[in-house]
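This report looks at a protein model, taking charged pairs, a sheet and a pocket in turn. Please keep the sequence and the 3D view open while reading.

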Amino acid sequence: FNSRTRLRWFFRCLAIVCICYAARNIPSNILHKERYRYSRFKSQIDDFQLHAVFEKDQLSTDDVDSSSMAEINYETYHKRLLNTALPHNSAFKPIYLQKWVMELHTLLLRRKMKFVVLTTSTWGCATLLLRWLISARLVATPPLDNILVLSFDTMVHNLLLNKNFSTLYLNVSDIFNDQSVSTKHAIYMSRLLVIQVINNWGITVFHCDLDALILKNPFELFENYPDASIIASRGRFPFELGKNGPWKYTACMGAILFRGSPHTDEFWIAVHLINVTTFDDQVLINYAMKRLNIIWTSEHWRDNVPNVANGDNGFQIIILPSLVVCRETCMANNQNSYYIWHSKKSLYLNLNLTDYEVHDVVSTTNGNNLIGDAWLRKWRSGINIFNHNSCNA
């Protein structure tokens, strides 16, 4: 052989050796495939996400070489996804295989959200969604920021995208193995799963039902309780704990804040460990608190004073009084004292929308050139009765 041929064969043999060595180190399990899919996140990781993860894990960025930070963040993120699960494990598909988790992660990074205001909607609830957005953005002072709508069909998802509102599309068939779960309970469990995933990233979530109208920004209330893991409105269900049980009242999913903190991690572990047969999220969160052995500081529930309960491992829950977030006790003459009106009773707001007109707004191209608050503002004028309808979300 001449020198050129020998050199060519040398590099061929070297390439074969390198390929064989690399093949020995390729994981054969599913995590290799998932590492490839999640590698797209690494270019999007910034200081916001890193500090959120390190603070949650009680790590310091000073102790980590900057070149390895993205990898550590990815490993922590992946570990959290593997450990995130609600009861009825067999009913859920593995969430780390799901596209919506990646989309959610990217969305939160792009907006650099330190907290999320979450609500859910279907096209059948579009009228309530429009009214809720008007209350949250135009009635509340200051307006609520970082709103994210979980859209459970493509029609409402596309409407929100066209109007420049943050939305995440969820298909319950991508989340559940068990297709026998009713649509309503599938939505309940899906939103709880999303809340848990966001909490696991160290981000606080305020969830609000569409019929819980925002009259004042509640975050000024939340700042009064920095040690609380959960801050919720009053509920009566599940009745065996609340209305007919030892607590008298329970935490209501209609207006509830889950703080992104280590103490809330204890709560999610309790959610995972409880033994229940229902797919109702309000049942799950209250039985999880029961598992944490919460003790109310007062047996007397007053309309103008919050009630506090402390549980295991530093967990604390605040139940807001009914003069702050009303449910069964909403009264029009107390409207100025309420932060959230969560009632089936009619409410007078600065809105001039009948059901027919609201349906016309969301189902035609009227105001098609307007987006965001300008689109909402177009439909707000005069004084009229704000009626509540029912829907599945």
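Is K99 buried or exposed? K99 is exposed, with a relative accessible area of 57%. The model described here is predicted.

## A charged pair in helix 5

Side chains of opposite charge can pair when their charged atoms come close. K99 takes part in such a pair: its side chain meets that of E103 in a salt bridge, at 3.7 Å from N to O. Both residues belong to helix 5 (residues 99-111) and sit four residues apart, about one turn of the helix.

E103 has a relative accessible area of 35%. E103 counts as partly exposed because this value falls between the limits of 20% and 50%. K99, at 57%, is over the upper limit and therefore exposed.

## Other salt bridges

The structure has six salt bridges. One of them joins D281 to R191, with 2.6 Å between the closest N and O atoms. D281 is in helix 12 (residues 281-291) and R191 is in helix 9 (residues 183-200), so this pair ties together parts that are 90 residues apart in sequence. Both D281 and R191 are buried.

A network also appears: salt bridges with shared partners link R137, D145 and D373. Within this network, D145 and R137 form a salt bridge whose closest N and O atoms are 2.9 Å apart. D145 is partly exposed, at 42% relative accessibility.

## A sheet of three strands

Strands of a sheet pair through backbone hydrogen bonds, either parallel or antiparallel. One open sheet in this model has three strands in the order 5-12-11, and its pairing is mixed. Strand 5 (212-214) and strand 11 (325-326) are the edge strands, each pairing on one side only.

How do strand 11 and strand 12 pair, and over how many bridges? They pair in the parallel sense, over two bridges. Opposite C326 stands W341, a residue of strand 12.

## The second largest pocket

The second largest pocket holds about 550 Å³ of space. Its lining consists of 25 residues, and those closest to the pocket centre are L107, F165, S166, T167 and L168. By type, the lining residues divide into 10 nonpolar, seven polar and eight charged.

Which helix gives the most to this lining? Helix 5 does, with seven residues. Helix 7 (154-162) and strand 3 (167-169) each supply at least two residues as well. Helix 5 thus appears twice in this report: it contains the pair E103 and K99, and it contributes to the lining of the second largest pocket.

Notes. Residues numbered from 1 in each chain as written. Predicted model: local features only at pLDDT ≥ 70, side-chain atom pairs only at ≥ 80, totals over all residues. Heavy atoms only, no water. Salt bridge = Lys/Arg side-chain N within 4 Å of Asp/Glu carboxyl O. Buried < 20%, exposed > 50% of the residue type's maximum accessible area, 1.4 Å probe, protein only. Pairing = 2+ DSSP bridges. 1 Å grid on protein atoms, 1.4 Å probe; cavity = no way out; pocket = protein on both sides within 12 Å on 5 of 7 lines; lining within 4 Å. Points joined across faces, edges and corners; volume = space filled by probe spheres on them. Nonpolar A, V, L, I, M, F, W, Y, C, P; charged D, E, K, R; others polar.
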